[in-house]
Amino acid sequence: SVLMEYEKLQSITLFKVLQELTSSGIRINAVAPRMTASDINNIDVNGNLFNPDVTGEKESTSSEKAEVISFLVSDLSKVFSEAIIPCDEGYYEDSM
């Protein structure tokens, strides 16, 4: 389909841009979040964050995800490049 070809072209273009940046010594990393406890998701960050469907049994907050981002932009993460860090609370969805 046209949409799939467009998405493929976008991916190839993004990959080429990332290759240029990383070959220039710029580290590119990303965070792949799942749900974040927030008012917009109707989850009270000061309330009960329990969720039995995630490994840690609680939804994460924006502050917790910000800690991961802080790590990625610090010198502590200089061994990471082109990494995508899942911030999904160990979420597992049974596809069967």
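Helices and strands are taken here as DSSP runs, of at least four residues for a helix and at least two for a strand, numbered from the N terminus. On that basis, the chain in this predicted model contains two helices and four strands. Read from the N terminus, these elements follow the order α-β-β-β-α-β.

A few totals help to set the scene. The chain has 96 residues, and 18% of them are buried. Its accessible surface amounts to about 7,500 Å², with carbon and sulfur atoms contributing 58%. Among contacts with a separation of 6 or more, 66% join residues that are 24 or more positions apart.

A convenient place to begin is helix α1, which spans residues 2-23 and includes Leu18. Leu18 is partly exposed, because its relative accessible area of 24% falls between the 20% limit for buried residues and the 50% limit for exposed ones. The C-alpha atoms of Leu18 and Ile28 are 7.2 Å apart, with the two positions 10 residues apart in sequence numbering. Leu21 also sits in helix α1. With a relative accessibility of 31%, Leu21 is likewise classed as partly exposed. Together with Val17 and Ile26, Leu21 makes up a nonpolar surface patch that has about 210 Å² of accessible area. Membership of such a patch calls for over 30% relative accessible area, so Leu21, at 31%, meets that requirement.

Turning to charged side chains, two salt bridges are found in the whole structure. One of them joins Arg34 to Glu59, with 3.1 Å between the closest N and O atoms. This pair ties together distant parts of the chain, 25 residues apart: Arg34 belongs to the loop between β1 (29-33) and β2 (36-37), whereas Glu59 belongs to the loop between β2 and β3 (60-61). The two partners also fall into separate accessibility classes. Arg34 is partly exposed at 27% relative accessibility, while Glu59 is buried, because its 7% lies under the 20% cut-off. The other bridge pairs Glu64 with Lys58, and here the closest N and O atoms are 3.0 Å apart. Glu64 is partly exposed, at 31% relative accessible area, and Lys58 is partly exposed as well, at 30%.

Lys65 deserves a paragraph of its own. This residue is part of helix α2, which covers residues 62-73. Lys65 has a relative accessible area of 8%, and therefore counts as buried. A polar atom of the Lys65 side chain lies 2.7 Å from the backbone oxygen of Met35. Leaving aside residues up to four places away in sequence, Lys65 touches Pro33, Arg34, Met35, Thr36, Ser60, Cys87 and Glu89. Among these neighbours is Arg34, the residue already met as the salt-bridge partner of Glu59.

Finally, the aromatic side chains were examined for ring pairs, and the structure holds one. Phe71 and Phe80 are its members, in an edge-to-face arrangement with 5.8 Å from centre to centre and 80° between the planes. The edge-to-face label applies because the angle of 80° is over the 60 degrees required. Both rings belong to residues that are partly exposed: Phe71 has a relative accessible area of 32%, and Phe80 has a relative accessibility of 30%.

Definitions and conventions:
Residues numbered from 1 in each chain as written. Predicted model: local features only at pLDDT ≥ 70, side-chain atom pairs only at ≥ 80, totals over all residues. Heavy atoms only, no water. Buried < 20%, exposed > 50% of the residue type's maximum accessible area, 1.4 Å probe, protein only. Patch = residues over 30% accessible without salt bridge, like charges linked within 9 Å, V, L, I, M, F, W, Y side chains within 5 Å. Areas by Shrake-Rupley, 256 points an atom, 1.4 Å probe, with all protein chains shown as cover. Salt bridge = Lys/Arg side-chain N within 4 Å of Asp/Glu carboxyl O. Contact = heavy atoms within 4.5 Å. Phe/Tyr/Trp six-rings, centres within 6.5 Å; stacked < 30°, edge-to-face > 60°. Polar contact = N/O pair within 3.5 Å; in protein donor to acceptor, adjacent residues only side chain to side chain.
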